[in-house]
Amino acid sequence: MEIEKNYRINSLFEFYQPLLTKKQNDYLELYYGDDYSLGEIAENFNVSRQAVYDNIKRTESILEDYEKKLHLYAEFQARNQQADEIQQYVRAHYPDDGRLNELVSHLESLEEE
């Protein structure tokens with residue numbers, strides 16, 4: 001469960017990072033990206049551990065709220081799933097069609113950008 005939560009928060013952070021304040025960015029990046037403890041972050045910013053915890057929890061809530069309103073991450077996942085299904089179908093039914101396989105690969109590379 002914790003791994004899934006971390007993955008989700010990191011994914012939401014990738015989409016909505018520009019909408020966060022510098023402090024929110026710094027705390028989340030250190031906590032989720034660099035695996036810093038609350039105490040280490042508190043020490044780096046000269047604040048209490050509780051202040052860091054509160055800021056991270058509030059920022060997680062903000063990220064979830066952005067996703068609830070904008071659906072960027074959910075739509076990204078849906079597009080990726082659809083692209084995977086197309087790629088599997090093409091590989092199974094048209095393995096020798098170089099142009100079709102090239103188009104599908106290009107479609108997937110667009111999603112990664």
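In this short talk I will go through two helices, the loop residues beside one of them, and the largest pocket of this structure, which is a predicted model.

Let me begin with helix α4, which runs over residues 49–70. With 22 residues at 1.5 Å a residue, α4 should span 32 Å, and because its end C-alpha atoms lie 31 Å apart, the model agrees with that expectation. Which residues of α4 are buried? They are Val 52, Asn 55, Ile 56, Thr 59, Glu 60, Leu 63 and Glu 67. If you look down the axis of α4, these buried residues fall within an arc of 140°, so they line one face of the helix. The face turned away from that buried side carries the exposed residues Lys 68 and Lys 69. As for what the buried residues of α4 pack against, the partners are α1 (2–16), α2 (22–33), α3 (38–45) and α5 (72–93).

One residue on the buried side deserves a closer look, and that is Glu 60, which is found in helix α4. Glu 60 counts as buried because its relative accessibility is 8%, and the cut-off for that class is under 20%. What is Glu 60 in contact with, once its neighbours within four places in sequence are left aside? The contacts are Lys 5, Ile 9 and Tyr 32.

Now to the loops on either side of α4. In the loop between α3 and α4 we find Asn 46, which has a positive phi of about 55° although it is not a glycine. Is Asn 46 buried or exposed? At 73% relative accessibility, Asn 46 counts as exposed. After α4 comes His 71, placed in the loop between α4 and α5, and here again phi is positive, at about 60°, in a residue that is not a glycine. His 71, however, counts as partly exposed, with a relative accessibility of 38%.

That loop brings us to helix α5, which has 22 residues and reaches 32 Å from its first C-alpha to its last, close to the 32 Å expected at 1.5 Å a residue. The residues Tyr 73, Ala 83, Gln 87 and Val 90 are buried in α5. Viewed down the axis of α5, they fall within an arc of 110°, so they line one face of this helix. On the face turned away from the buried side, α5 carries the exposed residues Gln 88 and Ala 92. Also in α5 is Tyr 89, which counts as partly exposed at 45% relative accessibility. The C-alpha atom of Tyr 89 is separated by 34 Å from that of Glu 64, a residue 25 places away along the chain.

Finally, the largest pocket. Rolling a probe the size of a water molecule over the atoms shows where empty space is left. For the largest pocket the volume comes to about 150 Å³. Which residues line this pocket? The lining is made by Tyr 7, Ser 11, Glu 14, Phe 15, Tyr 73, Phe 76 and Gln 77. The elements that give two or more residues to this lining are α1 and α5, and the largest share, 4 residues, comes from α1. Sorted by class, the lining has 4 nonpolar, 2 polar and 1 charged residues. Tyr 73, then, appears both among the buried residues of α5 and in the lining of the largest pocket.

Methods: Residues numbered from 1 in each chain as written. Predicted model: local features only at pLDDT ≥ 70, side-chain atom pairs only at ≥ 80, totals over all residues. Heavy atoms only, no water. Expected span 1.5 Å × (residues − 1). Buried < 20%, exposed > 50% of the residue type's maximum accessible area, 1.4 Å probe, protein only. Arc of directions from axis to C-beta. Contact = heavy atoms within 4.5 Å. 1 Å grid on protein atoms, 1.4 Å probe; cavity = no way out; pocket = protein on both sides within 12 Å on 5 of 7 lines; lining within 4 Å. Points joined across faces, edges and corners; volume = space filled by probe spheres on them. Nonpolar A, V, L, I, M, F, W, Y, C, P; charged D, E, K, R; others polar.
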